[in-house]
Amino acid sequence: MSKVLTYAKLAMRFAKGILSFKKSVYDLSFVFVPKDNTWYIDMPWPGDRYNLAMVGGSDKLLNFLCEEDDGNRVSVRVLPRKKREQHEGFFECEMICSALFGGADYRVHGLEGFTRNIWICPVTLTVLGHYPKYIYIKKLF
């Protein structure tokens, strides 16, 4: 019965994310867990925490953004957008492709020294409500 309740909570979280009013600015935090050697988004989640793991290049991006004095945490400001825009101090992630429950691939532009594409998982739907065509990101200090 516990698994059924957990899955129901997860389904409700996805539905709420997809159907809710979307904000124009998000402040998100990520934490590195040395024991797992893994980055996770820091947010309440009723399911397995491994669903919140940053993989597929997102982990490499967080390693790149993390400075020695940050400890094991990185906080960023995220601007999801439908159209290309200019935002001072932000780098751009441009969607290459997406699948509703398969995540989305993004090409990173404007982050000197970082040359990888990144993949974001479907948990993004619970946070942003969709896979935006453009995501603008700035590290918060």
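Is Glu-85 buried, partly exposed or exposed? I looked it up, and at 30% relative accessibility Glu-85 counts as partly exposed. Note to self: this is a predicted model, and my entries are about that model.

**Entry: Glu-85 and its partner**

I followed the Glu-85 side chain and found a salt bridge with the side chain of Arg-81, 3.0 Å from N to O. Arg-81 is buried, its relative accessible area being 17%. The cut-off for buried is under 20%, so Arg-81 at 17% falls on the buried side.

**Entry: Arg-84 and Glu-94**

I checked Arg-84 next. Arg-84 has a salt bridge to Glu-94, with 3.2 Å between the closest N and O atoms. The two sit in distant parts of the chain, ten residues apart: Arg-84 is in the loop between β4 (73-81) and β5, while Glu-94 is in strand β5 itself. I also wanted the exposure of each end. Arg-84 comes out partly exposed at 45% relative accessible area, whereas Glu-94 counts as buried at 16% relative accessibility.

**Entry: the other salt bridges**

How many salt bridges does a search of the whole structure find? I got nine. Among them is Asp-36 with Arg-49, whose side chains meet at 2.4 Å, N to O. I traced where these two lie: Asp-36 is in the loop between β1 (26-33) and β2 (38-41), and Arg-49 is in the loop between β2 and β3 (53-54), so this pair ties together parts 13 residues apart in sequence. Arg-49 is partly exposed, with 33% relative accessible area. I also noted a network: Glu-67, Asp-70 and Lys-139 are joined by salt bridges that share partners.

**Entry: strand β5 and its neighbours**

Glu-94 made me look at β5 as a whole, residues 91-99. On one pairing, β5 runs antiparallel to strand β6 (residues 103-109), with seven bridges joining them. A hairpin of three residues makes the connection from β5 to β6. I picked out one facing pair here: Ser-98 stands opposite Ala-104 in β6.

β5 also pairs with strand β8 (residues 134-139), again in the antiparallel sense, over four bridges. Here Glu-94 stands opposite Tyr-134 in β8. I put that beside my earlier note that Glu-94 has a salt bridge to Arg-84.

**Entry: Glu-92**

Which side chain does the side chain of Glu-92 make a polar contact with? I found Tyr-136, at 2.8 Å. Glu-92 is in β5 and counts as buried at 9% relative accessibility. I listed the contacts of Glu-92, leaving out neighbours within four places in sequence: Arg-84, Glu-85, Arg-107, Val-108, His-109, Tyr-134, Ile-135 and Tyr-136. Arg-84 and Glu-85, which I had already looked at for their salt bridges, are both on that list.

**Entry: Met-95**

I stayed in β5 for Met-95. This residue is buried, with a relative accessible area of 15%. Not counting residues up to four places away in sequence, Met-95 touches Asp-105, Tyr-106, Tyr-131, Pro-132 and Lys-133. I also took one distance: Met-95 and Trp-119 are 9.5 Å apart, C-alpha to C-alpha, with their positions 24 residues apart in sequence.

A reminder for reading β5: side chains in a regular strand alternate between the two faces of the sheet.

**Entry: Leu-62**

I moved to helix α2 (residues 58-65), where Leu-62 is placed. Is Leu-62 buried or exposed? Leu-62 counts as buried, at 4% relative accessibility. Leaving aside neighbours within four places in sequence, I found Leu-62 in contact with Phe-30, Trp-39, Met-54 and Val-74. I also looked at Leu-62 against Lys-139: they are 77 residues apart in sequence and 9.9 Å apart in space, C-alpha to C-alpha. Lys-139 is the residue I noted in the network with Glu-67 and Asp-70.

**Entry: the whole chain**

Last, I stepped back. I count three helices and eight strands in the protein chain, and from the N terminus the order is α-β-β-β-α-β-β-β-β-α-β. Of its 141 residues, 43% count as buried. For contacts with a separation of 6 or more, 63% are between residues 24 or more positions apart. I noted the accessible surface too: about 8,500 Å², with 56% of it belonging to carbon and sulfur atoms.

Notes:
Residues numbered from 1 in each chain as written. Predicted model: local features only at pLDDT ≥ 70, side-chain atom pairs only at ≥ 80, totals over all residues. Heavy atoms only, no water. Buried < 20%, exposed > 50% of the residue type's maximum accessible area, 1.4 Å probe, protein only. Polar contact = N/O pair within 3.5 Å; in protein donor to acceptor, adjacent residues only side chain to side chain. Contact = heavy atoms within 4.5 Å. Salt bridge = Lys/Arg side-chain N within 4 Å of Asp/Glu carboxyl O. Pairing = 2+ DSSP bridges. Areas by Shrake-Rupley, 256 points an atom, 1.4 Å probe, with all protein chains shown as cover.
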